[in-house]
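Let's take a walk through this model together. Keep the sequence and the 3D view open side by side as you read.

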Amino acid sequence: MITKINHIAIVVNDLDASLEAYHTMLGLPIGERKVMPEQEVEIAFLPAGDSLIELITPTTAESGVAKYLAKRGEGMHHICLEVEDVDAALAEMKARGAQLINDSPIQAAEGRAFFLHPKGTQGVLIELLQADK
Ligand code: CO
């Protein structure tokens, strides 16, 4: 059902400075950049082979990511696993008793997705994503 790691997301204070640091130090190419008004975040991608590093910064002081940043500081936010069919994955994980954050898939930057609660996954927030083609 899970086909690969689509991206690893890192919450940052300053998107420009972080993008420059990851580009310069790690030599990763700079990819797409997107403002997501619904999630109140701006995202920048750095392709790493077949996967992506995703840098996220809040665009408002009230967003979930802003609160996360204020409470925990910069660092890893979630791991995203790609699935072929997000609806099937959601139904299957519900049936297996997974602790879900979303009851139905949401529109993420790269496709439709839902999140598993870190309580059930050893403290790691996991996103399951059906990527847009
Ligand atoms: Co993500």
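A good place to begin is one pair of neighbouring strands: E7 and E8 run antiparallel and are joined by six bridges. Within this pair, glycine 111 has alanine 131 in E8 as its bridge partner. Please bear in mind that this is a predicted model.

Between these two strands there is a loop, and glutamine 122 is found in it. Its backbone is worth a look in a Ramachandran plot: glutamine 122 is not a glycine, yet it has a positive phi of about 55 degrees. Is glutamine 122 buried or exposed? With a relative accessible area of 73%, glutamine 122 is exposed, because the cut-off for that class is over 50%.

Strand E8 itself is another matter. It is mostly covered, with five of its six residues buried. On its other pairing, E8 meets E5 in the parallel sense, over four bridges. One of the partnerships here is that of glutamate 82 with leucine 129 in E8.

Now zoom out to the whole sheet. What is the order of its strands? Reading across, you find E2-E3-E4-E1-E5-E8-E7-E6, an open sheet of eight strands with mixed pairing. The edges are strand E2 (33-36) and strand E6 (106-107), each of which pairs on one side only. Helix H3 (residues 86-95) packs on the sheet, where it touches strand E5 (75-83), strand E7 (111-116) and strand E8 (126-131). The direction of H3 makes about 15 degrees with that of E7.

Following H3 along the chain brings us to the loop between H3 and E6, where leucine 100 is found. Leucine 100 counts as partly exposed because its relative accessibility is 21%, and the buried class requires a value under 20%. Which residues does leucine 100 contact, leaving aside its neighbours within four places in sequence? They are Leu90, Lys94, Phe114, Phe115, Leu116 and His117. For a sense of scale, leucine 100 and lysine 67 are 33 residues apart in sequence, and their C-alpha atoms are 20 Å apart in space.

Let's move to the E2 end of the sheet. E2 and E3 run antiparallel and are joined by four bridges, with arginine 33 having alanine 44 in E3 as its bridge partner. The hairpin they form has four residues between the strands. Glutamate 40 lies in this loop, and it has a positive phi of about 55 degrees although it is not a glycine. At 27% relative accessibility, glutamate 40 counts as partly exposed.

Next along is the pairing of strand E3 (residues 41-48) with strand E4 (residues 51-58), which is antiparallel and has eight bridges. Alanine 44, which we met opposite arginine 33, also stands opposite leucine 55 in E4. Proline 47 has leucine 52 in E4 as its bridge partner. The hairpin of E3 and E4 has two residues between the strands, and here glycine 49 takes a positive phi near 65 degrees.

E4 also pairs with strand E1 (residues 2-11), this time in parallel, through five bridges. Isoleucine 10 stands opposite leucine 55 in E4, so you can trace a path from arginine 33 to alanine 44, leucine 55 and isoleucine 10 by way of bridge partners. With the sheet in view, turn to the metal. Which protein donors does the cobalt ion have? They are His7 (NE2), His78 (NE2) and Glu127 (OE), lying 2.0 to 2.1 Å from the ion. Along the chain these donors follow the spacing H-x70-H-x48-E. Histidine 7 in strand E1 and glutamate 127 in strand E8 are 120 residues apart, a pair that links distant parts of the chain. Histidine 7 counts as buried because its relative accessibility is 0%, and glutamate 127 is buried as well, with a relative accessible area of 2%.

Finally, look for the open space. The largest pocket has a volume of about 620 Å³. Its lining has 27 residues, of which Val65, His77, His78, Phe115 and Leu125 lie nearest the centre. E3, E4, helix H2 (64-72) and E5 are the elements that give two or more residues to this lining. Which element gives the most to the lining? H2 does, with six residues. The pocket also brings us back to two residues from earlier in the tour: His78 is a donor of the cobalt ion, while Phe115 is in contact with leucine 100.

Conventions: Residues numbered from 1 in each chain as written. Predicted model: local features only at pLDDT ≥ 70, side-chain atom pairs only at ≥ 80, totals over all residues. Heavy atoms only, no water. Contact = heavy atoms within 4.5 Å. Axes fitted to C-alpha atoms, helices over the stretch in contact; angles between N-to-C directions. Donors = N, O, S within 2.8 Å, 3.2 Å for Na, K, Ca; no water. Buried < 20%, exposed > 50% of the residue type's maximum accessible area, 1.4 Å probe, protein only. 1 Å grid on protein atoms, 1.4 Å probe; cavity = no way out; pocket = protein on both sides within 12 Å on 5 of 7 lines; lining within 4 Å. Points joined across faces, edges and corners; volume = space filled by probe spheres on them.
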